[in-house]
Each structure stands twice: as C-alpha cells, then as structure tokens.
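Colleague: I am new to this structure and would love a close look at one part, the place where the ligand sits. Could you walk me through it slowly?

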Amino acid sequence: MSSSGDDLFTRDDPIFENKELLEINHLPEEGRIVGRDDEIAELANAVNPAIFGQSPSNLLIYGKTGTGKSLCAKYISERLVRVAEDEGITSAFAYVDCAQDNTETQAVQTIAHTLNEPAVTDVRIPDKGLSTSTYYKRLWTVLDAQYDVALVILDEVDKLDDDDILMQLSRAGEAGKLESCKIGVIGISNKIKYKDRLDERVKSSLCEREFVFPPYDATQLRDIMEARSDAFKDGVLEPSVIPRAAALAAREHGDARKAIDILRYAGEIAQSEGHETVREEYVVQARERAETDRFRELIRGSTPHSRYVLQALAVLSLNTPDEDGFRTTRIYDVYEEICRQEGSDPLSLRRVRDLLKEHAFLDILEQTRRSGGSAEGSYTEHQLLEDPEVVRTVLVETDEP
Ligand SMILES: Nc1ncnc2c1ncn2[C@@H]1O[C@H](COP(=O)(O)OP(=O)(O)O)[C@@H](O)[C@H]1O
Ligand SMILES: [Mg+2]
C-alpha cells in the first residue's frame, strides 16, 4: 500500500462540520438559546440579589422534558457568577443531577465536592465514607471560607428519595449553619404535581418563585435547530429536513431534546448510507431511532418481570388502540400469559402493581384512579405514555440473549 493513500478509513467527515453542537450535553452559547428570553429575564430577576451579595430567591422550575429547564438554569447561573465577579462578589454554582445522586448524602457530597477548592479551604470531600451530617458540616465550612453567594441547582429534584436536603439548604442561613455565605436553590422538575407532596415548611422556603416552562411550538423548534445547523457541512442539509423534524417533535409535546436528537440521527443515517446530503426521508427513520434509543436507555437494567409487565401493557395498547387505559387485573392476565410463554413463574398481583407504580415514576406510563360506582369501588387504570410500538420493539429485541 502506498504511503500516500490508505483508503480504508474515511478521513474527512462528509456530513458533520461540528457535531458537538448536536451532542446532548452541549451547552449552547447565548445567541443559540432560542425563544426563552422572557424566562431567562425572570430567572435573572429572581437571583439578581446575589450580585450584591444578598440572598437570591429560591426557585422551582417546572415543565415537560426538553423545554430548556436545565439549559436555562445552568446558563443563568454561569452568567450570574460572571457578573457578580465584576461587582467584587465571589460566587459559584453547583449542579446536581438528582436522578444520579438520588440520596441526600450523594447530593450533599456532589455539592461540596463541586464547590470545594482544597488548596483554599484545606477541607477534603471524599467520594464516600463520611456521614451525611459530616458532609453538611464540610459544605458549610467550604461555603463560608470561599464564597459570598452560592447557587445550587437540583435538577430532577423529584427523583430524590428524601426531601431533607431541600430543608437543609433553603434554611441554612436562618438555622445559623452559615455565617456569611448566602445560598440559593434552583429546583427543577418535570412533574407539575411535585410541589403537592412537599412538606409545608419545605414548600414555603423552596418555592419562593415558580416558573413553568411551556412546550416549544414547531416554529421555535425550527429556530432551535436552525441555530445549530452549522453542525453540518455547507449544503448537506436538504431544506425540508429541519421543518419536518420540527413538525414531528412539536407533535410530541414540543421536546427540543428530541428535535436535536432527530437531527443528529438523520445525519448519522446519511453517513451510514454513504449519502452526501441529509434527506427528508431520513427524518422519519431518525425519529424512530431517537424514540427507541431513549426508551432502551430508560429501561436499561430493569428486571425481566418488570419488562413483562410493560410488554403486557404494550400488547393491550396495540390490540385495542381505542381504549386509553387498562385496569391492573387486565394487565395481569396478559402478563401471566407472557410469563407462560417465557417459562417463568408469574409474580403476585401485588408485586405487579408495585412494578406498574415504578414505571409510572419513570413516566413510562400514567396511572389514573377511577371510581366504578358503589358496586365496584375505585380502581386504577394504566396508560402507556410511550409509543406502544416502540415499547414492543425494544422489549422484544432485548428479550433475545
Ligand atoms: N431554547 C433553546 N434554545 C436552544 N437549545 C435548546 C433550547 N431549549 C432546549 N434546548 C436544547 O434541547 C435539549 C434539551 O433541553 P434541556 O434544557 O435539557 O431540557 P429540560 O431540562 O427541560 O428537559 C438540550 O440539548 C438543550 O441544549
Ligand atoms: Mg433537564
């Protein structure tokens, strides 16, 4: 083989110029945040006191997935730290993904670890091994030693298994835990009902200001994607691709994450087909892939029976598309049938009820209490929130060893 050309590998990506722009954790610059000017201005207003070294309001941000909550919370925190610095105020923010750090101890550890500069504080924050209260003590020490103000973003805060941390953080000042540092908490949740389950005292301190992020419409989704179209090489995106992707994502509650995923996948499909442009027809395939990938990720690590239960609900949904909810006992019948086919002993009705509840917690399905009149009493109906076709595809494929 001549040294001038090894043609086994493609050296030049024919589709993507700057693919990072479409990666899920990419934080866009200001000019690329579309359609959230009002929300950003209101968030800024709520945390504004921090710039003078005063307590920012604690906030709660609600909204469906992909409405820009995490993005705007991080963006506003970064901006705040920069502007405060100009004013001679030392501040920082810590971001906690509560779906990952779902215990109080893990969450405090993450906050303390993020904010601590050991060279300044002489404090050590080990990954594990300390009691929760020791982590708190070290956190308070770190905060007072380093900062005038700190913001803590608790993303997907409803995933915490315990709300004590909200109490601790939002009341650290009043409780005398902190001498000089002020702290502001930004809670984020996809669940509009999250607040209802909070203890009154936590509620009143955490929810000083509340924001609801509405879904994006097709035009906004189009703008969001346009603002990142330089992820692709010039002339590669056919003009109908973005409008089509926007229309699809708008139909599914205006999820910007899905829109961006669809765009990235459409590019990858063009790549693997060896085609020089991204065509509109790839968008439909890309959407299916985005759905199945997301769902696969969601149920990764779940037990076989937890999957059979979902499969049962998917079967019912596909067989009777007109019905929008199924009672536990009906799901159980189909579940037993699936167990028989799989050669596995069915779990009790009660365990199946628990598994359904777990799926509801992950927003895979929705549960509704219904009253069947005096003769029947009340019962629960379950409805898949995912596309049943997607659920079945993923469960059937993972079924095979
Ligand atoms: N207004 C927007 N402008 C540009 N990109 C956005 C906008 N809103 C969301 N995105 C992008 O969409 C994806 C999902 O947004 P995210 O903030 O994670 O949503 P949420 O936290 O509400 O689920 C991210 O990649 C984010 O960068
Ligand atoms: Mg988020």
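Before we go there, what pLDDT does the chain average, and what share of the residues score at least 70?

Modeller: Happy to. This is a predicted model, so let us begin with confidence, as you ask. The average pLDDT over the chain is 91, and 97% of the residues score at least 70. Helix α3 (residues 104-115) has the highest confidence, at 98, while helix α15 (residues 388-399) has the lowest, at a mean of 83. As a general caution, predicted coordinates should not be read in detail where pLDDT is low.

Next, the overall layout. The chain is divided into three parts: domain 1 covers 22-212, domain 2 covers 216-298 and domain 3 covers 304-399. Ligand 1 lies between domain 1 and domain 2, because both of them give residues to the shell around it.

Now for the close look. There are 21 residues around ligand 1, and those that come nearest are V34, G66, K69, S70 and Y216. Sorted by class, the shell holds nine nonpolar residues, along with six polar and six charged ones.

Let us follow a short run of backbone here. G66 places a backbone N or O atom 2.7 Å from an oxygen atom of ligand 1. For T67, a backbone N or O atom is 3.1 Å from an oxygen atom of the ligand. G68 also has a backbone N or O atom at 3.1 Å from a ligand oxygen atom. How much of ligand 1 does the protein cover? On its own, ligand 1 has 560 Å² of accessible area, and the protein covers 95% of that. Two helices, α2 (69-86) and α10 (256-273), are the elements that give two or more residues to the shell.

It helps to set this beside the database record. UniProt, in an unreviewed entry, places an "AAA+ ATPase" domain feature at residues 55-217. Across residues 55-217, the chain is 39% helix and 18% strand, with end C-alpha atoms 35 Å apart.

Finally, a word on the far end of the chain. The C-alpha centre of domain 3 lies 37 Å from that of domain 1. The unreviewed UniProt entry also lists a "Cdc6 C-terminal" domain at residues 310-395. Over residues 310-395 the chain is 53% helix and 19% strand, and the end C-alpha atoms are 8 Å apart.

So, when you turn the model on your screen, start from G66, one of the residues that come nearest to ligand 1, and look for domain 1 and domain 2 with the ligand between them.

Notes
Residues are numbered from 1 along each chain as its sequence is written. Chains are lettered from A and ligands numbered from 1 in the order in which they are written. This is a predicted model: local features need pLDDT of at least 70, side-chain atom pairs count only at pLDDT 80 or more; totals for chains, interfaces and linings use all residues. Side-chain values use heavy atoms; hydrogens and water are left out. A residue is near a molecule or strand if one of its heavy atoms lies within 4 Å of it. A polar contact is a pair of N or O atoms within 3.5 Å; within protein, one must be able to donate a hydrogen and the other to accept it, and residues adjacent in sequence count only if both atoms are side-chain atoms. Accessible areas come from the Shrake-Rupley method with a 1.4 Å probe; for residues, only the protein chains shown count as cover. Helices (H or I, at least four residues) and strands (E, at least two) are DSSP runs, numbered from the N terminus. Ala, Val, Leu, Ile, Met, Phe, Trp, Tyr, Cys and Pro count as nonpolar, Asp, Glu, Lys and Arg as charged, and the others, Gly among them, as polar. Domain bounds come from an automatic or database domain assignment. UniProt positions are given in the numbering used here, feature names are shortened, and annotations may be inferred rather than shown by experiment. pLDDT is the predictor's confidence in each residue, from 0 to 100.
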